[in-house]
Amino acid sequence: MTAYCQEIEDLKIFCDAFAESHFSVKDNGEWTAIFERKGERIALSKKKDGKIFSIDSGNLVAGNFKSLLASKQFSNIKYLARSVLHEYSFSSDNFMNVPFKLHGNTEVTDFNGVETFLSHLAQGGVVGLEGPAGAGKTHFIERLAAESAKSLHTGSSVRPLIIPVVSAGKILSAIDDRIDGSLSALRANFNRSELPCLMRNGLISIAIDGFDELSDSRGYDNSWSALRELLRDVGAGGLILLSGRDSFISIDVLKDFIGNSLNIIGLSLHSLNIGFPKASDVCSWISKENHKWVPYMQEAKERFEDFSWLRRPFFVSQISKMDPELFLNTDDEPIISLCSAMVTREVDKIGIPSEVSPKSGENIVYSILMEAARTMLDYEIDYVDPSLLEVAVEVACEEHASGNEDFSRALSSRAKTLSLLEPAPGTGDRNNRKFAHEKIKAFFYSRYLIDEIPSDSPSPLGLRRGQLTLSDLSVFSALLRTKKSESIHNLFTALTHRLKQEVVGGIVSSNLGALLIACLPEDRQSKHARISGWQIMDSVFPVSPAGTLKDIYFNRMDVRGCNLSQVIFENCEVGEAIVSTDTRFGTTSPICHSMIVEDASGLEIKLRDSNEISDHINNLQVVYRQKSSPNLPDTLVSDRK
């Protein structure tokens with residue numbers, strides 16, 4: 001088909017249905033087109049020089065066909081650019097620099113480098129943008145759209161306007177639904193059926209954000225099919241950017257599902273990976289967002305270097321709003337607020353039905369992820385398969401969204417796309433999922449334990465098979481501090497009852513004992529709380545517990561930052577006590593065979609000498625024993641020999 005014949009075919013797309021129209025083409029490239037668009041008569045004539053005139057008035061309408069499509073009567077591209085800029089301008093002002101890597105290219109580049117690369121593909125190409133949940137894919141697309149709109153609005157560039165295609169909280173949708181919804185939200189002058197023409201002519205590019213979330217009750221078949229249809233409609237022109245989490249839109253997956261279509265059309269395929277920013281870049285960004293962080297930059301940098309998973313832009317954005325000392329003084333508190341924030345974000349993404357409350361939506365997400373964590377601990381594995389997640393979704397929806405079968409089926413088919421879960425490579429199935437970090441798994445398992453322990457069910461299998469670590473217990477303890485004292489008391493009572501049924505020395509008794517220690521009441525009126533006669537491997541104490549501990553052996557006891565002045569130790573031993581300079585003991589203390597002392601800067605000193613350990617405990621005691629006679633100044637001491 002000749003170029004001018006294609007132009008006529010493109011104009012036909014914009015015709016009102018059932019309205020009279022007339023199109024004619026000459027061999028020299030001239031054409032005339034008379035039709036109605038949105039009830040308005042349009043009569044155009046193109047000359048051999050490419051200029052387009054109004055048949056009715058004889059006035060020049062456009063210098064070429066691309067300019068015609070950009071005019072108010074068609075895409076109204078200038079207005080649309082202002083709308084995109086208004087919607088996403090914040091993304092340019094509040095963006096964290098993250099590293100990118102192109103498939104087949106080991107060089108890591110920045111946003112400007114990626115933007116230049118994509119501009120070269122504006123006339124035809126498909127790019128998969130992959131990265132873990134929270135890595136900043138959405139923010140990148142929004143910034144990309146804002147920059148393209150700014151260039152078009154100011155006239156500094158003629159590259160296509162990038163339109164982010166988002167779900168707007170819908171999950172029972174395919175690509176076409178999302179495209180129409182996004183165009184409608186931007187008040188665009190065209191729809192999905194007219195979009196391919198604009199893409200083909202270099203006016204529009206689209207970025208489908210969260211392609212891995214596009215599913216319905218039958219899975220992803222409709223989404224891949226709709227994508228292939230869109231590619232056929234666009235032809236060998238236009239840029240399509242697909243974002244999704246690792247493995248969902250990797251270059252191999254894209255080749256499997258759309259490779260043949262791309263080969264037939266003649267479009268190139270590329271993959272772009274988004275990574276975590278450097279610790280120094282994270283600190284620089286946080287210090288600009290919240291000036292309270294400026295004095296703590298060195299400590300923050302060390303923290304982000306030690307915990308790379310915290311450098312995900314979403315986590316960083318949450319951390320920047322926190323009090324610096326609260327974040328830096330504990331390894332565990334941040335994970336509570338961070339995971340809670342991500343669950344809330346997930347509820348917004350899955351688009352719960354209107355008749356289901358947001359609280360029920362949160363309960364559904366928590367239920368699914370808690371079941372995933374329970375399965376991992378029960379069966380001593382680090383991942384779950386998609387079939388387990390589908391069952392977890394069905395159970396959660398039945399409890400919290402009963403009667404919404406379509407919603408349940410849709411969520412089951414895309415359960416593996418939930419945030420906080422990521423691919424588990426090396427497990428034999430690319431659809432297997434794991435938690436992004438052990439702390440995140442501990443968070444959801446702790447929530448499961450808090451709900452399960454007070455029930456009449458047998459003790460969780462995970463507590464019988466695996467030993468809870470200090471890291472697990474620290475998350476459990478931090479989560480407990482968000483609960484009401486009545487809930488903690490009920491949990492303490494339930495754990496006490498379960499311990500009476502166990503034999504001293506087993507894994508389950510050790511775990512239950514450790515959980516019991518974490519549940520010690522934090523008030524001065526509760527010294528009646530008594531725990532006695534157990535062997536506990538690892539334990540983490542509350543910040544200010546009260547109670548009596550008798551005849552207990554702790555393999556390791558973490559009491560950093562704890563005030564133990566209301567705890568009475570009777571005949572207790574500790575293999576290794578972990579204390580900090582602000583740890584406080586009362587008039588009693590356990591016998592410690594070794595001790596790790598952590599100073600304010602995080603440096604650790606290990607003590608093994610019993611006398612040194614005893615002296616250090618004495619220095620940490622709140623109440624000191626009075627000597628039999630007062631200390632007198634040297635001038636008052638008799639000079640006896």
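**Entry 1: Thr32**

I started with Thr32, which is partly exposed at a relative accessible area of 24% (buried is under 20%, exposed is over 50% and partly exposed is in between, using a 1.4 Å probe and protein chains only). A note to myself before going on: this is a predicted model, where local features need pLDDT of at least 70 and side-chain atom pairs count only at pLDDT 80 or more, while totals for chains, interfaces and linings use all residues. Residues are numbered from 1 along each chain as its sequence is written, and side-chain values use heavy atoms, with hydrogens and water left out.

Thr32 belongs to strand β2, residues 31–37 (strands are DSSP runs of E with at least two residues, helices are runs of H or I with at least four, and both are numbered from the N terminus). I then looked up what Thr32 touches, leaving aside neighbours within four places in sequence: Ile8, His22, Phe23, Ser24, Leu44, Ser45 and Ile55 are in contact with Thr32 (heavy atoms within 4.5 Å). I also checked Thr32 against Asp382, 350 residues along the chain, and found 66 Å between their C-alpha atoms.

**Entry 2: aromatic rings**

How many aromatic pairs does a search of the whole structure find? I got 17 aromatic pairs (rings of Phe, Tyr and Trp, the last by its six-membered ring, pair if their centres lie within 6.5 Å; planes under 30 degrees apart are stacked, over 60 edge-to-face and the rest tilted).

I picked Phe111 and Phe140 to look at: their ring centres are 5.6 Å apart and the planes stand at 75°, so I logged the pair as edge-to-face. Phe111 is in helix α5 (residues 111–119) and Phe140 in helix α6 (residues 137–154), so this pair ties together parts that lie 29 residues apart in sequence. Phe111 is buried at 4% relative accessibility, and Phe140 is buried too, at 0%.

Phe111 has another partner: the charged end of Arg143 sits over its ring, 3.9 Å from the centre (this needs NZ of Lys or CZ of Arg within 6 Å of the ring centre and within 35 degrees of the ring normal). I noted a further case at Tyr366, where the charged end of Arg447 sits over the ring at 3.6 Å from the centre. Ring pairs also join Phe14, Phe23, Phe35 and Phe74 into a cluster. I had already met Phe23 among the contacts of Thr32.

**Entry 3: Ile204**

Is Ile204 buried or exposed? Ile204 turned out to be buried, with a relative accessible area of 0%. Its place is in strand β10, residues 204–208. Beyond four places in sequence, I listed its contacts as Ile77, Leu80, Pro160, Leu161, Ile163, Phe190, Leu195, Leu198 and Met199. From Ile204 to Ala62 I found 18 Å, C-alpha to C-alpha, with their places 142 residues apart in sequence.

**Entry 4: two helices and what follows**

Next I turned to helix α21 (residues 470–480) and helix α23 (residues 507–518), which pack at about 35° with their axes 10 Å apart (axes are lines fitted to C-alpha atoms over the stretch in contact, and angles run from 0 to 180 degrees between N-to-C directions). On the α21 side, Leu473, Phe476, Ser477 and Leu480 make the contact, and on the α23 side Ala514, Leu515 and Ala518 do. I sorted these residues into 6 nonpolar, 1 polar and no charged (Ala, Val, Leu, Ile, Met, Phe, Trp, Tyr, Cys and Pro are nonpolar; Asp, Glu, Lys and Arg are charged; the others, Gly among them, are polar).

Leu520 lies in the loop between α23 and β15 (530–532). I found Leu520 buried at 3% relative accessibility. Away from its sequence neighbours within four places, Leu520 is in contact with Phe492, Ile531, Phe541, Pro542, Pro545, Ala546 and Leu549. His489 is 31 residues from Leu520 along the chain, and their C-alpha atoms are separated by 8.3 Å.

**Entry 5: positive phi**

Most residues other than glycine have a negative phi. Asp551 caught my eye here, with a positive phi near 55°. Asp551 sits in the loop between β17 (546–550) and β18 (553–558) and is partly exposed at 36%.

Asn571 also has a positive phi, about 55°, without being a glycine. I located Asn571 in the loop between β20 (566–570) and β21 (573–580), and it is exposed, with a relative accessible area of 58%.

**Entry 6: Ser413**

I closed with Ser413, in helix α18 (residues 405–413). Ser413 counts as buried at 17% relative accessibility. Its C-alpha atom is 9.2 Å from that of Leu389, 24 residues away along the chain.
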